[in-house]
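Biologist: I would like a close look at one part of this model, along with whatever lies around that part. Please keep the explanation plain.

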Amino acid sequence: MSIDKFLCSSPIDKKYPNLYPDLTWIPILSYTASNRVLHQLIEMAQIDKICWGCDTWTVEESYGSLLAFRFSMCKVLI
């Protein structure tokens, strides 16, 4: 699914209460796209439904992914 299709599917969150958007790879693949997606999800969805995961093999990659997500989230919230 492309990021633009993901952005267009954000209103679905309100229709289906069991839908949780997962942002596992977005902060790692594109910093700009992660900011856009997070900003729109915070505005349109419930913030407690946004999931972040990590699909890596080593601790260093997991920590780097966490830092990328934190940096992106801080930029959006400021």
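Biologist: Is Ser34 buried or exposed, and what is its relative accessible area?

Modeller: Ser34 is buried, at a relative accessible area of 1%. Buried here means under 20% relative accessible area, exposed means over 50%, and partly exposed is in between, with a 1.4 Å probe and protein chains only. This is a predicted model, in which local features need pLDDT of at least 70 and side-chain atom pairs count only at pLDDT 80 or more, while totals for chains, interfaces and linings use all residues. Residues are numbered from 1 along each chain as its sequence is written, and side-chain values use heavy atoms, with hydrogens and water left out.

Ser34 sits in helix α4. Helices (DSSP runs of H or I, at least four residues) and strands (runs of E, at least two) are numbered from the N terminus. The chain has five helices and zero strands, giving the pattern α-α-α-α-α along the sequence. Not counting residues up to four places away in sequence, Ser34 touches Ile26, Pro27 and Ser72; a contact means heavy atoms within 4.5 Å.

Ala33 also belongs to helix α4. With a relative accessible area of 7%, Ala33 is buried. Ser72, one of the residues that Ser34 touches, has its C-alpha atom 9.7 Å from that of Ala33, although Ala33 and Ser72 are 39 residues apart along the chain.

Ile26, another residue touched by Ser34, is part of the largest nonpolar core. Such a core is a set of buried Ala, Val, Leu, Ile, Met, Phe, Trp, Tyr and Cys residues joined through side-chain atoms within 4.5 Å. This one has nine residues: Leu23, Ile26, Val37, Leu38, Leu41, Ile50, Phe69, Met73 and Val76. Helices α4 (31-44) and α5 (59-77) are the elements that each give two or more residues to the core. The C-alpha atoms of Ile26 and Ala68 are separated by 9.6 Å, with their places 42 residues apart along the chain. Ala68 is in helix α5 and is partly exposed at 25%.

Further along helix α4 is Ile42, which is partly exposed with a relative accessible area of 25%. Leaving out residues up to four places away, Ile42 touches Ile47, Ile50, Met73, Val76 and Leu77. Among these, Ile50, Met73 and Val76 are core residues. The C-alpha atoms of Ile42 and Leu77 are 9.2 Å apart, at 35 residues along the chain.

The structure also holds one aromatic pair. Rings of Phe, Tyr and Trp (its six-membered ring) pair if their centres lie within 6.5 Å; planes under 30 degrees apart count as stacked, over 60 as edge-to-face and the rest as tilted. The ring centres of Tyr31 and Phe71 are 5.5 Å apart and the planes are at 35°, so this pair is tilted. Because Tyr31 lies in helix α4 and Phe71 in helix α5, the pair ties together parts that are 40 residues apart in sequence. Tyr31 is partly exposed at 34%, and Phe71 is partly exposed at 49%.

Helix α5 holds another serine, Ser65. Ser65 is buried at 2% relative accessibility. Beyond residues up to four places away, Ser65 touches Ile28, Trp52, Gly53 and Cys54. Of these, Cys54 is in the loop between α4 and α5 and is partly exposed at 34%. Cys54 is in contact with Thr24, Ser62 and Ser65, its neighbours within four places left aside.

Ile28, also touched by Ser65, belongs to a nonpolar patch on the surface with Trp25 and Leu29. Patches are made of residues with over 30% relative accessible area and no salt bridge (a side-chain nitrogen of Lys or Arg within 4 Å of a carboxyl oxygen of Asp or Glu); like charges are joined within 9 Å, and nonpolar side chains (Val, Leu, Ile, Met, Phe, Trp, Tyr) within 5 Å. Together Trp25, Ile28 and Leu29 have about 320 Å² of accessible area, computed by the Shrake-Rupley method with a 1.4 Å probe, where only the protein chains shown count as cover for residues. Trp25 is in the loop between α2 (12-15) and α3 (26-29) and is partly exposed at 38%.

As for the whole chain, 32% of its 78 residues are buried.
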